[in-house]
Amino acid sequence: MTNRNYQLVIVGYGGMGSYHAKLLKENQNINVVGTYDILEEKRAAALADGYKAYESLSAVLADAAADFVLIATPNDVHKEIAIAALNAKKHVICEKPVTIYSEELIEILRAANMNDRKFIVHQNRRWDEDFLTIKKVYDEQMIGNVFHIESRVQGANGIPGDWRHLKAYGGGMLLDWGVHLLDQLLFMVDSKIMSVYANLSYILGDEVDDGFQVFITFENGCTSLVEVGTTNFIQLPRWYVKGTTGTAVIHDWDLNGNIVTQNQGAKVEAPKPIKAGQGLTKTMAPPSEKAVSSSAFPKVETTMESFYDNVISVVERKAEPIVKNEEVLRVLQLMEAIFKSAETNEVIKDFDNITTKIN
Ligand code: NAD
């Protein structure tokens, strides 16, 4: 028996479903009562891991003991499971990308409203240390006003798994990884999006994108290049950020990198020309040692509640969700604009004024 207050059932006991089960073992409030997966072998795996394995989704929904349904299935079935669970008066936690199309999310939110139940999307990378570090650099103007942000993830292993190769399941790297990087970017840069230009790559010959590049301009003057690749045998930095008084780089998830800033008030020595290829350059010579300082990143102490704790605070009406549904909708609409720009080779202008808002 457990004295935890809330009972949760995981639907979809694959990679991410079993990871949630592992993480929730540590949670003081939420108890994983069971799981449901369409595959017999996954139901057996859940049983072996000590969870009840429901035989059907309707059995989950009929169980009055279950307060929450956590959806960790492929993306194409998030909507139908979410609406069924909300109609059965369960709160729902849903994996990213919440749905394939923004209209589907709007339908889910209607069901959540109608049933007075909470629906929260697991945009867990808002808690990543590399992101929180860059967000601190941005918020505290540690390199002056940030005017350009490059955010990348790159691998050389192609698209993983099975359903991620297929359009019908919501496969492809924009929906898979793009959703995280775009969510982080929009969570950090509080400004309207003025334009979006993108291209998707199909190097591996799949029907879905194996990577993409998108260039975004914000009303506050900041620009951003967001890039995902699965055919990169040499990786570029995870973050490269330019501000009016410095530059920040984070190479990897271990936070290797540094900040280089101009020394305020230091007498700036004219750079000495260097030989570059067959010529000389002063413009591209490194700044003199006196002109700049290099520092390590400060440790970030986030004041945000953990994802699951925030879910409970929201259900108990003690806090606002950290991952707000209107933000999730904006990211979905941004991905739709990215698909459109890549298909038409056009710049999508005035993005934030042409999208539907939740009313
Ligand atoms: P997976 O293929 O490993 O697992 C999916 C499981 O869902 C499988 O066991 C499959 O049998 C089951 N399933 C499929 N249809 C079902 C249905 N209708 N009802 C019940 N079970 C069903 O996939 P995954 O990598 O675990 O991804 C699952 C979800 O988690 C996706 O939405 C993915 O984008 C997301 N995800 C999120 C993160 C993150 O960091 N937030 C990381 C990985 C995956």
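In strand S9, Gly211 is the bridge partner of Ser201. The model described here is predicted, and this bridge belongs to the pairing of strand S8 (residues 193–201) with strand S9 (residues 211–218), which is antiparallel and runs over eight bridges. Within the same pair of strands, Ser195 stands opposite Thr217 in S9. Thr217 also has a partner in S10, namely Thr223. The pairing of S9 with strand S10 (residues 223–229) is antiparallel as well and comprises six bridges. S9 and S10 form a hairpin with four residues between them. One residue of the turn, Gly221, has a positive phi of about 95°.

These strands are part of an open sheet of nine strands with mixed pairing, in the order S16-S13-S12-S11-S7-S10-S9-S8-S17. The edges of the sheet are formed by strand S16 (292–295) and strand S17 (348–349), each of which pairs on one side only.

A further open sheet contains six strands in the order S3-S2-S1-S4-S5-S6, and the pairing is parallel. Strand S3 (52–53) and S6 are at the edges with a single partner strand each, so one side of each has no neighbour in the sheet. Strand S5 (residues 91–95) pairs with S6 in the parallel sense over four bridges, and Glu95 stands opposite His122 in S6.

Glu95 also takes part in the ligand site. A polar side-chain atom of Glu95 lies 3.0 Å from a nitrogen atom of the ligand. Taken alone, the ligand exposes 840 Å², of which the protein buries 84%. Polar backbone atoms contribute contacts too: one of Gly15 is 2.9 Å from an oxygen atom of the ligand, and one of Thr73 is 3.2 Å from an oxygen atom of the ligand. The ligand is surrounded by 26 residues, the closest being Met16, Asp37, Asn75, Lys96 and Asn124.

Helix H5 (residues 102–115) has 14 residues. The distance from its first C-alpha to its last is 20 Å, close to the 20 Å expected at 1.5 Å a residue. The buried residues of H5 are Ser102, Glu104, Leu105, Ile106, Ile108, Leu109, Ala111, Ala112 and Asn115. An α-helix has 3.6 residues a turn, so residues three or four places apart point the same way. The cover over the buried residues of H5 includes helix H4 (78–87), strand S6 (119–122) and helix H9 (325–344). Strand S6 thus appears both in this cover and at an edge of the parallel sheet. After H5 comes Asp116, with a positive phi near 55°.

Helix H9, which helps to cover H5, has 20 residues and should span 28 Å at 1.5 Å a residue; the end C-alpha atoms of H9 are 29 Å apart, which agrees. Buried positions in H9 are Asn325, Val328, Leu329, Val331, Leu332, Gln333, Leu334, Met335, Ala337, Ile338 and Ser341. Just after H9, Asn345 takes a positive phi of about 60°.

Ser341, a residue of helix H9, has a relative accessible area of 0% and is therefore buried. The side chain of Ser341 reaches the backbone oxygen of Glu346 at 2.7 Å. With residues up to four places away in sequence not counted, Ser341 touches Val196, Tyr197, Ala198, Glu346 and Ile348. Val196, Tyr197 and Ala198 fall within strand S8 (residues 193–201), while Ile348 falls within strand S17 (348–349).

The loop between helix H8 (307–315) and H9 contains Ile322. Ile322 counts as buried because its relative accessibility, 13%, is under the 20% cut-off. Leaving out residues up to four places away in sequence, the contacts of Ile322 are Arg126, Trp127, Phe187, Met304, Glu305, Asn310 and Glu327. One of these, Asn310, lies within the range of helix H8 (307–315), and Glu327 lies within that of helix H9 (325–344). The C-alpha atoms of Ile322 and Asn220 are separated by 23 Å, and the two residues are 102 residues apart along the chain.

Note on methods:
Residues are numbered from 1 along each chain as its sequence is written. This is a predicted model: local features need pLDDT of at least 70, side-chain atom pairs count only at pLDDT 80 or more; totals for chains, interfaces and linings use all residues. Side-chain values use heavy atoms; hydrogens and water are left out. Helices (H or I, at least four residues) and strands (E, at least two) are DSSP runs, numbered from the N terminus. The expected span of a helix is 1.5 Å times one less than its number of residues. Buried means under 20% relative accessible area, exposed over 50%, partly exposed in between (1.4 Å probe, protein chains only). Contact means heavy atoms within 4.5 Å. A polar contact is a pair of N or O atoms within 3.5 Å; within protein, one must be able to donate a hydrogen and the other to accept it, and residues adjacent in sequence count only if both atoms are side-chain atoms. A residue is near a molecule or strand if one of its heavy atoms lies within 4 Å of it. Accessible areas come from the Shrake-Rupley method with a 1.4 Å probe; for residues, only the protein chains shown count as cover. Two strands pair if DSSP finds at least two bridges between them.
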